[in-house]
Amino acid sequence: MASRCNTQGHGDKQISGSRRVLLANPRGFCAGVQRAIDTVEQALQRAGAPVYVRRAIVHNRAVVEELERKGAVFVQDVNEIPEGAVAILSAHGSARSVKVAAQARQLRLVDAICPLVSKVHAEVEAWYRAGRHVLLIGHLGHPEVVGTLGQVPAGVVSVVNRPDDLDTLELAPNTAVAYAVQTTFAMREAEGMIAAITARYRDVVGPRSSDICYATTNRQQAIEAIAPRCDLVLVVGDTISSNARRLVEVAQAAGCPDARLIASAANLPADAADYAGTIGVTAAASTPEAAVTGVCEALAALGFAIEECDGEAERVRFRAVSLDPIDEKAVTGSLEDRLSGLRRAIDNELDSAIGAARGRDRRLAEAMRYATIGGGKRFRALLVAAVADLCGGAYPQALRVGAAIECIHAQSLVHDDLPCMDDDDLRRGRPTLHRKFDEATAVLAGDALIALGFEMLADEATHADPAVRANLVLALARAVGQDGLAGGQMMDLYPPAAPTKQDLFECESRKTGALIRFAVEAGAMLGSCSAEERSRLLRFAENLGLVFQIRDDMLDSIGDTAVVGKALRKDGDAGRKSATALLGLEGAAKQASQLENACHEALDMFGPKASPLRDLARFAVSRMH
Ligand code: GRG
């Protein structure tokens, strides 16, 4: 690395030629640290103080103290956070159990995990699922390692950091293993560990790109380049910071006889004034630049010339952490307010569930996003949220279940639009999926969405109780199978020659009603209710499902394509025996109104608490889209 002799304006003492400071570059805050700090500050602005932060947001006491002054409260455990409060998880990443505990307390949870740590989580989980034993090269007990271990069941990952550690593992050489690396681990030591692992095991896979983050790599390389020219290296950082301690080790390994970790100018070595030679200065990824400036000013005051070294320019920026959960407090406001708030939250939920894991087919993920995100009324998701709220269930759990239902619903629309079924070109005001992509992609995106919907329900993040998760999965399976969507769609495609009103209701209650019933049932499962309350809710759902489809049939005659977002006047052309065809438009409207009354009646026992559900019934019968 070429050294620029740009003397910085730190201090004003006479500069002596041999007494100089080489200031490593890059140093200090990385993009993940900056993003985590911004998250706490923005959360304070949006929600007001206090916001709670689990553990040190980044490993630097000065940063933590500054945020405390602004109103952040740091805790060790989510159980210390008042129910319903805003809680932020640290940049190091957290175990799944932490999120589950946070959900149980109905915390409005914002996860400031560094995206590069999320990458390691995803790798470890994928390898565990692929049946590999994972060797995590890292420091046992470090929060990042604790968080990574907490993504998978205990015992499937071993933490190692010295080649000797491999001797203590009882793994046969033919065991299928994978390695992952703590993002702040020392580069050279990781290389040694990877070499030891690949020498010992026959079937080894690792990440496609290094797990050690760009900032750790750049800071280690920068200090490695100047350390041999330094008599002393000062790493400005906190003793709790792993990457700070690694910088000290790297400087020593690169040949500097003396390397020390100091928090600020107040900790300059007492004999600094007597140093005749060169001092290297760098800072950990969690150290504010102000601390470095303080050290440089103190050294300049002792007569050191400050030279800023050239270094790698860092342009990495991460997308801001979504603060939407802060507003996800309760289902309040007008129906339109609730729908728009929920739509955003569901879109986020779906976006992260579909994910962007490497090695997956991009076109498939793109098609899944096209089918689910940025469209649709989210009627079923709002239903889950409203029922969960009524029964004391947690909103974040309702969001997950709502998003899972939206996956299934989107699949049913995608397949319904295929040429072999309704053969539609327009859905939600855009080209149908098979028109935008192709038929095979539409079939497969639908398949993957069904799988994703079930996966979301079965995931621990949806509910801490495995029995609740199993019941959700069972109920959804029944809602989509022979007695639900698939069976109802068959009845629609292959109706009897002269269908009766009973036949029609049976078909519509399966094809459309089953998922609406599931939404209500699932919302109730997330909370608790008496047998009587449950039976009333199911009666409400039965009537709501039917009225929703009857209105859909009516919209085919009275709706406006630009508003409904799909081709209309098709039922008549296709000779479909819809509610309007069978009962006439007036008859269908009358039937819809009777069903709406039955919805309200079923809700009587709940009093004013059920008004969001009453709004949904009114919407179902009067909607124009
Ligand atoms: C899920 C296994 C499985 C099979 C699906 C294709 C199929 C079998 C069923 C078709 C079901 C279907 C499309 C019923 C119509 C339901 C309906 C009224 C859809 C419109 O719902 P909205 O208005 O749509 O809520 P948005 O776009 O607002 O989400």
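**Figure 1. Cysteines and the absence of disulfides in the predicted model.** In this predicted model, the number of disulfides is zero. The view centres on Cys114, whose sulfur has its closest cysteine sulfur in Cys30, at 6.1 Å; because a disulfide requires two cysteine sulfur atoms within 2.5 Å, this separation is too far for a bond. Cys114 has a relative accessible area of 11% and is therefore classed as buried, since that value falls under 20%.

**Figure 2. The surroundings of Cys529.** Cys529 likewise takes part in no disulfide, and the cysteine sulfur nearest to its own, that of Cys391, is 4.3 Å away. The relative accessibility of Cys529 is 27%, so this residue counts as partly exposed, a class that lies between the limits of 20% and 50%.

**Figure 3. Gln103 and its contacts.** Gln103 belongs to helix H3, which spans residues 96–104, and its relative accessibility of 11% is the reason why Gln103 counts as buried. When residues up to four places away in sequence are left aside, Gln103 touches Ala394, Pro396, Gln397, Arg400, Ala461 and Thr462. Glu83 stands 20 residues from Gln103 along the chain, and the C-alpha atoms of these two residues are separated by 9.5 Å.

**Figure 4. Polar side-chain atoms at the ligand.** Among the 20 residues that surround the ligand, the closest are Lys377, Arg380, His409, Gln411 and Arg428. Three of these are shown with their distances to ligand oxygen atoms: a polar side-chain atom of Arg380 lies 2.7 Å from an oxygen atom of the ligand, an N or O atom in the side chain of His409 is 2.7 Å from a ligand oxygen atom, and a side-chain N or O atom of Arg428 is also placed 2.7 Å from an oxygen atom of the ligand. On its own, the ligand has 750 Å² of accessible area, of which the protein covers 91%.

**Figure 5. Helices and residue classes in the shell around the ligand.** The elements contributing two or more residues to this shell are helix H14 (395–416), helix H18 (485–493), helix H19 (501–526) and helix H20 (531–558). Helix H14 supplies six residues, the largest share of the shell. Sorted by class, the residues around the ligand comprise five that are nonpolar, eight that are polar and seven that are charged.

Terms used
Residues numbered from 1 in each chain as written. Predicted model: local features only at pLDDT ≥ 70, side-chain atom pairs only at ≥ 80, totals over all residues. Heavy atoms only, no water. Near = heavy atom within 4 Å. Polar contact = N/O pair within 3.5 Å; in protein donor to acceptor, adjacent residues only side chain to side chain. Areas by Shrake-Rupley, 256 points an atom, 1.4 Å probe, with all protein chains shown as cover. Helix = DSSP H or I, 4+ residues; strand = E, 2+ residues; numbered from the N terminus. Nonpolar A, V, L, I, M, F, W, Y, C, P; charged D, E, K, R; others polar. Buried < 20%, exposed > 50% of the residue type's maximum accessible area, 1.4 Å probe, protein only. Contact = heavy atoms within 4.5 Å.
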